[in-house]
Amino acid sequence: MTDVTSLMSSVSSGIGIFHYHSVSSILAQTTTCDPRVDPKCITREVFRGVSLFSPLWFVFYTLFVIEVIFFLFGIFLLFRKYMKGKKDPIKRIEFPKTLKNAIKYFFVWSSHDKIDKTDKKIAWAHRLMLLGYFVLFVGTIYITVNNDVYIELLHNPVPGTFYGLFYEVFSFAMDTFGLIAVLSIIYLIYRRNSHPKRLDYTRADKRELNPARKRWSKDDAFFIGYILGALLLGFILEGVRIVLVDFPYYEVYSSPVGYLIAEVFHLLGLQPNTALTLDLYSTIWWLHFFQSIFFFTLVVPYTKGMHM
């Protein structure tokens with residue numbers, strides 16, 4: 001265990017230069033605030049303490065802007081490709097109607113009607129995965145607005161609106177829908193590995209798989225594996241955070257999945273309020289951030305992931 005701990009410390013310290021809070025400051029936050037007395041203590045740190053206009057803030061949002069540029073460039077390449085096609089003599093696209101149908105498909109859950117007719121389990125797995133990601137996406141937007149706008153720009157005290165009963169419900173929802181997305185993806189991976197005929201890329205013309213078609217299968221595996229990895233890393237990050245702040249009692253029911261993972265880490269020797277745990281937490285936080293950047297810049301716009 002000592003060797004493993006030393007290795008973890010060495011690796012995480014290499015990336016630990018991104019720290020903004022010290023162990024003592026986080027310890028102070030967790031020991032001077034009693035959540036049983038003050039509901040504003042029922043909260044958690046967000047964005048690793050990256051404050052407005054700090055060096056890390058510029059790093060964070062510079063990378064975010066680069067991500068948006070690469071994403072839009074990928075969209076542009078697809079649009080340019082589609083524009084090379086021959087003009088359809090029949091007017092098939094009417095923007096207001098198309099937009100209305102798109103909204104309807106999302107909220108009425110009819111976007112997987114074709115799959116639903118042949119395999120309801122697969123259709124629902126897709127829907128639940130989409131719902132899980134949508135909830136996580138909305139939650140991330142809320143945290144960004146609360147932290148960077150409501151607190152930093154408007155100079156409201158921490159934690160803004162992110163505390164008390166709202167925090168507990170919000171955190172539980174994020175854990176629940178994140179778990180739903182994970183289980184849906186695991187089922188889809190299992191289904192794909194059972195090699196159903198509808199996923200056989202030779203079914204159209206019965207030819208052997210050429211190199212291009214073999215790449216399709218690899219792209220599929222990489223894409224779904226990457227999504228699953230991002231979700232699991234998020235839960236691991238949550239577990240390490242809970243260990244770091246010494247297992248707040250309210251996290252048992254507000255972050256049940258993260259709390260369970262925290263218990264596992266604790267059994268493996270990870271201790272609260274230590275430099276090792278802080279290093280590990282900071283490292284995973286930034287890895288999760290870079291993983292998200294890579295996903296939206298180099299995965300979604302240039303693979304089949306665009307259909308999401």
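Helix α6, which spans residues 120–153, is where I would like to begin, since in this predicted model that helix gives the most to the nonpolar surface patch, with eight residues. The patch itself covers about 1000 Å², and the residues that make it include Phe134, Phe137, Val138, Ile141 and Val145, together with Phe53 and Phe58. If you would like one residue to look at while I talk, take Val149, which is part of the patch and lies in helix α6. Is Val149 buried or partly exposed? Its relative accessibility is 36%, and Val149 therefore counts as partly exposed.

Let me now turn from the surface to the interior. The largest nonpolar core holds 57 residues, and among these Leu231 and Trp285 touch the most other members. Several helices each supply at least two residues of this core, namely α3 (55–83), α6, α7 (164–193), α8, α10 (256–267) and α11 (275–299). Which of the helices gives the most to this core? That is α8, with 14 residues. Helix α6, then, appears on both counts, as a contributor to the surface patch and as a supplier of at least two residues to the core.

Helix α8 also brings me to the charged side chains, and here the structure holds two salt bridges. In one of them, the side chains of Arg241 and Glu238 meet at 4.0 Å, taken from N to O. These two residues are three apart in helix α8, which runs over residues 211–244, so they are separated by about one helical turn. Both Arg241 and Glu238 are buried.

In the other salt bridge, the side chain of Arg241 meets that of Glu251, with an N to O distance of 3.1 Å. Here the partners sit in separate helices, Glu251 in helix α9 (residues 251–254) and Arg241 in helix α8, so that the pair ties together parts that are ten residues apart in sequence. Because salt bridges that share partners are joined, Glu238, Arg241 and Glu251 form one network.

How buried are Glu251 and Arg241 in terms of relative area? Glu251 has a relative accessible area of 0% and is buried, while Arg241, at 6% relative accessibility, counts as buried as well. The cut-off behind both statements is a relative accessible area under 20%.

To gather the threads, then, we have a nonpolar surface patch to which helix α6 gives the most, a nonpolar core to which α8 gives the most, and a network of salt bridges that joins Glu238, Arg241 and Glu251.

Technical notes:
Residues are numbered from 1 along each chain as its sequence is written. This is a predicted model: local features need pLDDT of at least 70, side-chain atom pairs count only at pLDDT 80 or more; totals for chains, interfaces and linings use all residues. Side-chain values use heavy atoms; hydrogens and water are left out. Helices (H or I, at least four residues) and strands (E, at least two) are DSSP runs, numbered from the N terminus. Buried means under 20% relative accessible area, exposed over 50%, partly exposed in between (1.4 Å probe, protein chains only). Patches are made of residues with over 30% relative accessible area and no salt bridge: like charges are joined within 9 Å, nonpolar side chains (Val, Leu, Ile, Met, Phe, Trp, Tyr) within 5 Å. Accessible areas come from the Shrake-Rupley method with a 1.4 Å probe; for residues, only the protein chains shown count as cover. A nonpolar core is a set of buried Ala, Val, Leu, Ile, Met, Phe, Trp, Tyr and Cys residues joined through side-chain atoms within 4.5 Å.
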